[in-house]
Amino acid sequence: MDELPIKTGDDVVRVRQQVRTVAAAGGLSLVDQTKLVTAASELARNALVHGGGGIAQVEVITSASGRPGVRVTFADTGPGIADLQQALTDGWTTGGGLGLGLSGARRLVDEFDLTSEPGAGTRVVVSKWRR
Amino acid sequence: MERVPIIKIGQILYVSIQIDLQDDSVLQLQEDLADELVATRARGVIIDITAVEIVDSFIGRMLTMIGSMSRLFDAETVLVGMRPAVAITLTELGLTLGGVRTALNAEKGMRLLGSL
């Protein structure tokens, strides 16, 4: 499976395009494609701005019950997140934005798994299932 | 980085976003619009996002900021052509785009600005 680098703003656009392609191939509805691509855009930007760059992986998956979906994994080796609960609160920001990136991305997907270790980086895995 | 063109039509600056927006392109558009508003003394701005497939929190915040900034130059901004999937996603994301007027399409946006 291909790893996409996230080192520049253009890379963020490429990640979005790849997620769109895979989400369409995976049979997600147009609205669900848009939600997943939007969540991916937030998370790719986070990896770039807060994580100092990272990588993304996009894949079609099947749930234990046989339901198809799309999973996107983001990983960076940045400073990590000290307080996960705070980071996932609407309006909390360290970047001067609206503080909707991480919390909003979580709302837009069906599954959201965030692991982070201060000093060792952050990993976010999101999935959206076909309806 | 690709640049978004700004077209002057009468008293209106018309901006149709036809590229996959990256953050720097949006920041550049804000600067270019400020310059054009001063140079042309336009009274309105139409931002046409018919071709835009996603609006995330950064792009949304910049669109709101362009609306606030235009007002400082005595111009009104209307955002037109938002796709249904984008509207649904923005709402769920928690973004309201308060302060920016919207219209279904460019024609209605022009009418809103009183220039047709």
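**Exercise 1. Strands in chain B of this predicted model**

Find how strands β3(B) and β4(B) are joined, and in which relative direction they run.

Solution. Step 1: take β3(B), residues 44-48, and look for its links to β4(B); there are 5 bridges between them. Step 2: compare the directions of the two strands; they run parallel. Step 3: pick one position as a check; I47(B) faces L79(B) of β4(B). Step 4: turn to the surroundings of β4(B), residues 76-80; 4 of its 5 residues are buried, which leaves the strand mostly covered.

**Exercise 2. Two helices within chain B**

Classify the packing of α1(B) against α2(B) and list the residues that make the contact.

Solution. Step 1: locate the helices; α1(B) spans residues 23-40 and α2(B) spans residues 57-72. Step 2: read off the geometry; the axes lie 10 Å apart and the angle is about 10°. Step 3: classify the pair; angles under 35 degrees count as roughly parallel, so α1(B) is roughly parallel to α2(B). Step 4: list the contact; α1(B) contributes D23(B), V26(B), Q30(B), L33(B), A34(B) and L37(B), while α2(B) contributes F58(B), I59(B), M62(B), M65(B), I66(B), M69(B) and S70(B). Step 5: sort these residues by class; 10 are nonpolar, 2 polar and 1 charged.

**Exercise 3. The side of chain B that touches chain A**

Describe which parts of chain B supply the residues in contact with chain A.

Solution. Step 1: count both sides; 18 residues of chain B contact 23 residues of chain A. Step 2: assign the chain B residues to helices; α1, α2 and α3 (84-93) of chain B each provide at least two. Step 3: find the main contributor; α3(B) gives the most, with 6 residues. Step 4: sort the chain B side by class; it has 7 nonpolar, 4 polar and 7 charged residues.

**Exercise 4. A helix pair across the two chains**

Work out how α2(A) and α3(B) are arranged, and which residues bring them into contact.

Solution. Step 1: locate α2(A) at residues 30-49 and examine its axis; the axes of α2(A) and α3(B) come within 9 Å and cross at roughly 50°. Step 2: classify the angle; this value makes α2(A) oblique to α3(B). Step 3: assign the hand; the crossing of α2(A) and α3(B) is right-handed. Step 4: name the residues; L30(A), V31(A), T34(A), K35(A) and T38(A) of α2(A) meet A85(B), V86(B), I88(B), T89(B), E92(B) and L93(B) of α3(B). Step 5: sort them by class; the contact has 6 nonpolar, 3 polar and 2 charged residues.

Methods: Residues are numbered from 1 along each chain as its sequence is written. Chains are lettered from A and ligands numbered from 1 in the order in which they are written. This is a predicted model: local features need pLDDT of at least 70, side-chain atom pairs count only at pLDDT 80 or more; totals for chains, interfaces and linings use all residues. Axes are lines fitted to C-alpha atoms, for helices over the stretch in contact, and angles run from 0 to 180 degrees between N-to-C directions. Angles under 35 degrees count as roughly parallel, over 145 as roughly antiparallel, 65 to 115 as roughly perpendicular and the rest as oblique. Two residues are in contact if their C-beta atoms, placed from the backbone, lie within 7 Å. Ala, Val, Leu, Ile, Met, Phe, Trp, Tyr, Cys and Pro count as nonpolar, Asp, Glu, Lys and Arg as charged, and the others, Gly among them, as polar. A crossing is left-handed if the near helix is turned anticlockwise from the far one by less than a right angle, and right-handed if clockwise. A residue is buried if 20 or more other C-beta atoms lie within 10 Å of its own, exposed if 12 or fewer, and partly exposed in between; C-beta atoms are placed from the backbone. Two strands pair if DSSP finds at least two bridges between them.
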